[in-house]
Structures are given as C-alpha cells and as structure tokens.
Amino acid sequence: MTRLGFIGLGTMGHGMAANLEAAGHRLTVWNRTRSKADDLGAHVVDTAREVGPESDIVFVSVSDTSDVEEVVFGDYGVIHGMTQGDILVDHSTISPVATKGLATRAAELGVDWVDAPVSGGSEGAVNGTLAVMVGGPSNAVEKTRPFMDAYSKSIVHVGEEPGSGQMVKAVNQVLVVLNQLAVSEALLLAEAADLDLRKTLEAVEGGAAGSWMLSNRGPQMIERDWRPGFTVDLQQKDLRLVLEAADELGVPMPGVALVFQLYRSLQARGLGSDGNHALVKALEVLAGIELGR
Ligand code: NAP
C-alpha cells in the first residue's frame, strides 16, 4: 500500500488531507502550526523531514516559492527523509522557473517532482472538486493521480516539463482576476442604478455572463462578507508570478497590471487578509459608492 505524507494544512492543504483520509488513506502530516492537524486522524510528526521516511508520495501545500524551498530543502526539509523512487507533489502556487530548479535538485536525489497547482477555492478543497494542472514525468503523474482523485474533479497533465503546471496556473490566474474585476465593476454599476443586487445576479448568472466567480463570490460581495477563501495577499503573490512570467516572455498584460495595482491599494489600506473578492473595495473608493449600502 502506498504511504502518503502531507505538508501544509492551511485553507487548501487541510481540505485536501481531510478528503484523502475520507477516501480511506492514512496520512503522516506536518504543519508549522501543529494545532491545524488536531481534527485530522493523521499521524502528526514534529518536522517536515520526519514525513519523508513514512511516505512514498509527499504532498505539499504552502504559500510561496521560498516556503516550498524551506519545507522541502531546508535544514528540516522533507527531501532529507525521502529515498530514491519517492514522489513529491507540490500543490502550492509558485514560480514556474524556480520549479525547474527544484525538480532538478530533487531528481539528483532520485525523487520525482510533480508540480500540481490547483484551482477551485477553499470550497473546492473541502468538497473535493478542485481542478489540478499538472506538470512532470508521466509515470510519476500517473502514480499520483488516484490519490489526487480524492479531492479533484479534473486532473490534466499539461506537460512533461517541470513547471508547466505552474505556468498553466499563471494562465488560470489571469482569467480569475480579470473575471473578479468584471464582477466588481458590474455589481457597482447595478448598485449605482439602484437595482436589486440579488435579483440582478440571479438574472445574469444563468446566461453567457455566468462564472464561478460571479456565483460564488458575488453573493459574498453583496453581503459584504470579506472572509477569505483566498486572501488578497496570496492573490497578489500570484499576480507577481504572472507579471514576472509575462515580463520574461515579453507579453503585455495591461489588465493584470491594473488589477495588481488595485490589489496593492488594498494592501496599503491594511486589507491584505481579506478575501480576493474585496477587489471591489478598491473600485468603491473610485466610485464613491459602496455595494449593498
Ligand atoms: P494558507 O491558508 O495561508 O496556508 C498556508 C500554509 O502554508 C499553512 O499550512 C502554513 O503554515 C504553511 N506555510 C507557509 N509558509 C511556510 C513556511 N515557510 N514553513 C512552513 N509552513 C509554511 O494558504 P492556502 O490558501 O491554503 O494556500 C496554499 C497554496 O495554495 C498557496 O500557494 C495558494 O496560492 C494556493 N491556492 C490557494 C487557493 C485558495 O483559494 N485558498 C486556491 C488555489 C491555490 P501555518 O499553518 O503554520 O501558517
């Protein structure tokens, strides 16, 4: 039986780990804040490194590139406990370019690196309906697929090249934030016109303008419920990755650059821990009106 490890039990990792357990898998886990593992039935260890010897496949879901480097290659990193033939699946959203280097370092130790960023929000992690965009060697990807099935509705292997999953995630984030901007502007127009916001949303979401963002975050925006599925700070981290990749590839991205600056204004106001749908608050300042007031 394949032994599984999980590192990083935040909003996303906790949901994914719980779904693996619900599917009958026993996990060895490590999280920096240990208490987040309390309600899992998992074997909890004291360092990331200790997950390695207990696992054939290790899943990682932490915040940024430097955090993945730390939990994998740091002094107490999991790689030091892994052996030839093991697989590391990185579900974090990090730099595609850095991923190539991390995969090379892992390969030197006989460990396959699968970059597998996800989309679908906190709801997707809890409900097991994530979309996973996967890069890395086919044989390793196919070994991990049955386990990723426990929390995913779609798993697409986009390329053998390390980092290709991360690059597709960058594409995903362009679509996410420009959609978020569209939802924000549209609802503010409805507000200015004194329309019933709930009825407006109901009227448009079934047509060509419908989207995950509109149906899931629209109601939260109308209720002024800024609790995060995905924080402004993490969203901004992703946009930094998108703009870096675009700069390197010479692709102009005026829309993403605009949204990056709008999110920056929220961070400057101390709103980095709000959910990413708080983007509308930046537009409210420009418009001089507020949703649902
Ligand atoms: P989160 O709730 O902030 O959790 C972050 C996790 O990473 C926590 O377990 C945290 O440990 C751990 N961590 C961060 N830096 C660390 C370090 N240096 N050393 C050890 N542990 C560290 O974030 P999340 O929303 O789960 O996001 C995780 C990843 O998924 C991110 O890359 C994010 O961009 C991506 N993602 C998120 C969503 C979403 O809707 N939330 C959707 C798609 C993709 P502590 O518990 O100790 O803080």
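**Two helices and the cores around them**

Hi everyone, let me start with one pair of helices: α6 passes α10 in a left-handed crossing. Please keep in mind that this is a predicted model.

So who touches whom? On the α6 side, the contact is made by Val174, Val177, Leu178, Gln180 and Leu181. Facing them from α10 are Gly255, Val256, Leu258, Val259, Leu262 and Tyr263. If you sort that contact by class, you get nine nonpolar residues, two polar ones and no charged residues.

Now the geometry. The two axes, of α6 and α10, come within 10 Å and cross at roughly 65°. Angles of 65 to 115 degrees count as roughly perpendicular, and α6 and α10 are therefore roughly perpendicular to each other.

Let's step back to the interior. The largest nonpolar core has 32 residues. Met221, Leu239, Val259, Tyr263, Leu266 and Leu291 are the ones with the most contacts inside it. Which elements give two or more residues to this core? They are α6 (164-192), α7 (197-205), α8 (212-223), α9 (232-249), α10 (254-268) and α11 (279-287). The largest share, nine residues, comes from α6.

Have a look at Met221 on your screens. Leaving aside residues up to four places away in sequence, Met221 touches Gln180, Val183, Ser184 and Leu187, along with Trp226, His277, Val280 and Leu291.

There is also a second, separate core, with 30 residues, including Ala17, Ile57, Tyr151 and Ile155. As general background, nonpolar side chains tend to be buried together in soluble globular proteins.

That's my tour, thanks for listening!

Note on methods
Residues are numbered from 1 along each chain as its sequence is written. This is a predicted model: local features need pLDDT of at least 70, side-chain atom pairs count only at pLDDT 80 or more; totals for chains, interfaces and linings use all residues. Side-chain values use heavy atoms; hydrogens and water are left out. A nonpolar core is a set of buried Ala, Val, Leu, Ile, Met, Phe, Trp, Tyr and Cys residues joined through side-chain atoms within 4.5 Å. Buried means under 20% relative accessible area, exposed over 50%, partly exposed in between (1.4 Å probe, protein chains only). Helices (H or I, at least four residues) and strands (E, at least two) are DSSP runs, numbered from the N terminus. Contact means heavy atoms within 4.5 Å. Axes are lines fitted to C-alpha atoms, for helices over the stretch in contact, and angles run from 0 to 180 degrees between N-to-C directions. Angles under 35 degrees count as roughly parallel, over 145 as roughly antiparallel, 65 to 115 as roughly perpendicular and the rest as oblique. A crossing is left-handed if the near helix is turned anticlockwise from the far one by less than a right angle, and right-handed if clockwise. Ala, Val, Leu, Ile, Met, Phe, Trp, Tyr, Cys and Pro count as nonpolar, Asp, Glu, Lys and Arg as charged, and the others, Gly among them, as polar.
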